[in-house]
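Trainee: I'm new to this structure and I'd like a close look at a single part of it. Could you pick the helix pairings around the main core and walk me through them?

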Amino acid sequence: MCGRLQEELRFCCTAPTLISYWTARYSWADDTHQFLDQLGADRAISRLDSADLTRVQKLRCGWLPVNRRLSREDPDRTAGCATCRAVDSVDKTVDHVLQCPSPVRRGLLTERLSSLTATLREWKMAPMICQILSAAAHHWILIPWGDFEIHVPDDTPSRQLVLSAIKAQAEIGWGLMFRGFLSSDWRRIQDAFFAQRTGISGKLDTGQYWARRLVSWYFETFRIAWFQRNLDEHGSDEFGQRVILKARLACTIRRLYAIGESFPDHERHPICKDSIGTSKITPTRALDSTMAPMICQILSAAAHHWILIPWGDFEIHVPDDTPS
Ligand SMILES: [Zn+2]
């Protein structure tokens, strides 16, 4: 279990309800959860299979193991981003899975976002919502720390509701849309939009159905980013996997030696730090250069026996012609 997950679980265990956990987790005001469109999210969640459901629930609670990784190694590391490299001081977050500027993931996300406006129009979305949600998604992923301003013209239908939705979503967090946390005002605007289209709207043209599809779109976008992130982290081919495994082993050894430095001398590992990577040391090679052959043989056999067969009998044959 990674360090981040332990922290999250400890944090979660102190919260009496899921809503109160989210409130603390996302630094919401006490009443922010009242703006949430739980209906749309619940409908979208109910359509997930068990593997997707597990991932989405972890996504919503922030439990995905993005890790404070000690062994980050990206096969595309020369062109990768600084956060994804092995820099211990920089934490990766669930948001970074979407916002990572590494070329492959950014390419996938850009392609996904560029189809968003067309998708929303196909779902008969009110033009103003379509424009706002597309701009917000682009902005949050591509310019995460920049200012985000939305102009709502005076003649916008349901203008007060649109302003209220923007305010509520800003309180919830624009980035949390990708975790299925949307303001219920968006659904109300959409219901009003469908109501104005009397005679044109079909039976599926309801705010509920629309909200479910929208939340599902965000979940699917995260799934695309998460799968690519896993390929980046764990290797998409045999060579990449070997490179990552080697880096992970080297990092683990360095970490163990760093821990060993705080131990008293007699408890430290006998191999010095400088020898890592320069030579392969086995008991017999360490002993046989300077030691009398018989002592070398007895001590190696005794060490192997004591570690591997601690309770077995141990017999030593000393030939008659042994020196000394
Ligand atoms: Zn990154």
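Mentor: Here is a walk through one helix, its partners and the core it feeds, with a few spots further out at the end.

Keep in mind as you look that this is a predicted model. The chain has 14 helices and 0 strands, so to speak an α at every step of the pattern, which reads α-α-α-α-α-α-α-α-α-α-α-α-α-α along the sequence. Of its 324 residues, 23% count as buried. Take the contacts between residues at least 6 apart in sequence: 61% of them join residues at least 24 apart.

Now for the part you asked about. Find helix H11, which covers residues 207–234. The largest nonpolar core has 43 residues, and H11 gives the most to this core, with 9 residues. Other elements that give two or more residues are helix H3 (38–46), helix H4 (50–61), helix H5 (94–99), helix H8 (127–142), helix H9 (159–172) and H10. If you want landmarks, the residues with the most contacts inside the core are Leu 98, Ile 129, Leu 182, Ile 189, Val 215, Tyr 218 and Phe 222.

Leu 182 is a handy one to click on. Leaving out residues up to four places away in sequence, Leu 182 touches Asp 37, Gly 40, Gln 169, Met 177, Ala 211, Leu 214 and Val 215.

Next, look at how H11 packs against other helices. Two packed helices are described by the angle between their axes and the distance between the axes. Start with helix H10, residues 184–196: its axis and the axis of H11 come within 8 Å and cross at roughly 130°. That angle makes H10 oblique to H11. The crossing of H10 past H11 is right-handed. On the H10 side you'll find Arg 187, Arg 188, Gln 190 and Asp 191, and they meet Gly 207, Gln 208, Trp 210 and Ala 211 in H11. Sorted by class, this contact has 2 nonpolar, 3 polar and 3 charged residues.

Then move over to helix H6, residues 103–114. The axes of H6 and H11 come within 10 Å, and they cross at roughly 165°. H6 is therefore roughly antiparallel to H11, since angles over 145 degrees count that way. This crossing is right-handed too. H6 brings Val 104, Arg 105, Leu 108, Leu 109 and Arg 112 to the contact, while H11 brings Thr 221, Ile 224, Ala 225, Gln 228, Arg 229 and Asp 232. By class, the contact of H6 with H11 has 5 nonpolar, 2 polar and 4 charged residues.

Let's follow another core contributor, H8, and what sits around it. Met 128 is found in H8. With 20 other C-beta atoms within 10 Å, Met 128 is buried. Setting aside neighbours within four places in sequence, Met 128 is in contact with Thr 156 and Val 162. Met 128 and Arg 159 are 31 residues apart in sequence, but their C-alpha atoms are 9.3 Å apart in space.

Carry on into the loop between H8 and H9 and you'll meet Ile 150. Ile 150 counts as partly exposed, with 15 C-beta neighbours inside 10 Å. Not counting residues up to four places away in sequence, Ile 150 touches Ile 132 and Ile 166. From Ile 150 to Ala 135 is 15 residues in sequence and 8.7 Å in space, C-alpha to C-alpha.

On the other side of H8 in the sequence, Lys 124 sits in the loop between helix H7 (116–122) and H8. Most residues other than glycine have a negative phi. Lys 124 has a positive one, near 55°. With 17 C-beta neighbours inside 10 Å, Lys 124 counts as partly exposed. Ser 324 also has a positive phi, of about 55°, although it is not a glycine. You'll find Ser 324 in the segment after helix H14 (293–308), and it counts as exposed, with 5 C-beta neighbours inside 10 Å.

One last stop is Tyr 21, in helix H2 (residues 18–25). Tyr 21 is partly exposed, with 18 other C-beta atoms within 10 Å. Its C-alpha atom is separated by 8.2 Å from that of Cys 61, 40 residues away along the chain.

Terms used:
Residues numbered from 1 in each chain as written. Predicted model: local features only at pLDDT ≥ 70, side-chain atom pairs only at ≥ 80, totals over all residues. Axes fitted to C-alpha atoms, helices over the stretch in contact; angles between N-to-C directions. Helix = DSSP H or I, 4+ residues; strand = E, 2+ residues; numbered from the N terminus. Parallel < 35°, antiparallel > 145°, perpendicular 65-115°, else oblique. Left-handed = near helix turned anticlockwise from the far one by under 90°. Contact = placed C-beta atoms within 7 Å. Nonpolar A, V, L, I, M, F, W, Y, C, P; charged D, E, K, R; others polar. Buried ≥ 20, exposed ≤ 12 C-beta atoms within 10 Å, placed from the backbone. Core = buried A, V, L, I, M, F, W, Y, C linked by C-beta atoms within 7 Å.
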